[in-house]
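Reader: I am a first-year student and would be grateful for a close look at a single part of this structure. Could you please describe how two neighbouring elements are arranged, and what follows from that arrangement?

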Amino acid sequence: MRTTSNVTAAFNAVLRLGDPAMLIAGAAFAHWVRFGTPILQVEYVRLVVLTTVFALLVLSSKMYRSWRGRGLSAEVMHLGFRWSLVFIGVVLYATATQLTVELSRLWLGTWFAASLGGAVLLRFIIRGIAAWVRARGMDLRTAVIVGGNPDAQRIVDTMRQNPWMGIKLRGWFSTSADRCALETVKPMGRVDGLAEFVEKNHIDQVWIALPMREQGQIANVLRQLDHSTTDIKFLPDLFGLELLNHSVESIAGLPIINLRSSPLDGNARLIKAIEDKILASIILLLISPLLALIAIGIKLSDPGPVIFKQLRHGMGGKPIEVWKFRSMRMHKEEEGRITQATKGDPRIFPFGGFLRRTSLDELPQFINVLQGRMSIVGPRPHPLALNEQFKTLVDRYMQRHRVKPGITGWAQVNGFRGETDTVEKMAQRVRYDLYYLQNWSLWLDLRIVFMTVFKGFVGQNAY
């Protein structure tokens, strides 16, 4: 057995033992927080033992596969989903057996948060140690590249710049479809010698970087490696395309490459839905007195309804009704036209101007979140007429509607809030929205919420 396998197995064993340990330690810590002692009472011990056994079953599937080359955020999202499944099971069991009468809810909530936090911290530490080990030439996978082109060079550069991936390039093999030689990698000659080299040097991975039109060359490489146990990775020539959340999946046994798909499918959609419902419920409960005061202020400032309802595009480009506190005097717009608010706009009454500058006019949208029309974090919804105006002027403008619109977003906390009176301003906003779609995570959402509290409620363009 190679040293690389021993090291990887050691990391894996630490995680397999560490997760149950974090469950037990988290339970003791939560008991100390709630009752002042880490020594668990008998009924708590029973539940912790059952939960640990259940967690071993839930976490064992795919959780302890190799995450080499994948980011920490992807692993943490996967862990968070499975950890939540474990604790949902705990709550259902406790409810069915009437243990909830005896258990402290504060203890249960603290146990979930502390144990998950410990498991995440453990992975952060393991990755740090792995990066340190790999930087010193241990726990490495050897690899060769087939094909010489800019995409292949991108593989080389990525591996050089990210030593934590633990992949050592031994060379590259040329083909008749090559467009350039690879820099900083040893040339190994024509691809005809690939199989012999892989076998003789125990190469772990072969990366094929050939255009998809070169089916004959690709088939030749695969035939050469028929009797090899090496991992084979194919990099399609897609870098020149601006793709949104591309992925690979199998449909009825057919290998499919998604060139564009929703960034919030499966586990991610469930996590975001839970996040929205919990945060919106808590926030509405906390701000309910403020909502009542604002409603009274609007009624005293200008006759008319308190809530202003407007059709905007939601997920999938479907129209949704978005609620805001009314900040303008009652007026009529020309059909098919929307006039954005400007500085000193005479339609805005004084109290309404204060609401707009502080974003307090958008608070009713937390009700839209509970209705399922919006998310707390996402691209801001624009009026329908504004979308019609800009969708042909800004590249990939409508792609921002692949998720639910949000009360706040990555563009807003980065200064792109309020009036977008030029194509350049709108293009910048869309660029930030698409970054959010391509990099979504629960942690990014929480970061945006945190940033909104401190810098997202006001802005020089908000009037």
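Author: In this predicted model, helices H2 and H3 are oblique to each other, because their axes cross at roughly 140° and an angle over 145 would be needed to count as roughly antiparallel. H2 comprises residues 42-60 and H3 residues 72-96, and the two axes come within 10 Å. The crossing in which H2 passes H3 is right-handed.

The residues that bring the two helices together may be considered next. From H2, the contact draws on Leu47, Leu50, Thr51, Phe54, Ala55, Val58 and Leu59. Facing them in H3 are Leu79, Arg82, Trp83, Leu85, Val86, Gly89, Val90 and Tyr93. Sorted by class, this contact of H2 with H3 consists of twelve nonpolar, two polar and one charged residues. A general point helps in reading such lists: an α-helix has 3.6 residues a turn, so residues three or four places apart point the same way.

H3 itself also merits attention. This helix has 25 residues, and the distance from its first C-alpha to its last is 36 Å. That span is close to the 36 Å expected at 1.5 Å a residue. Just after H3 comes glutamine 98, which adopts a positive phi of about 60°.

Note on methods
Residues numbered from 1 in each chain as written. Predicted model: local features only at pLDDT ≥ 70, side-chain atom pairs only at ≥ 80, totals over all residues. Heavy atoms only, no water. Axes fitted to C-alpha atoms, helices over the stretch in contact; angles between N-to-C directions. Helix = DSSP H or I, 4+ residues; strand = E, 2+ residues; numbered from the N terminus. Parallel < 35°, antiparallel > 145°, perpendicular 65-115°, else oblique. Left-handed = near helix turned anticlockwise from the far one by under 90°. Contact = heavy atoms within 4.5 Å. Nonpolar A, V, L, I, M, F, W, Y, C, P; charged D, E, K, R; others polar. Expected span 1.5 Å × (residues − 1).
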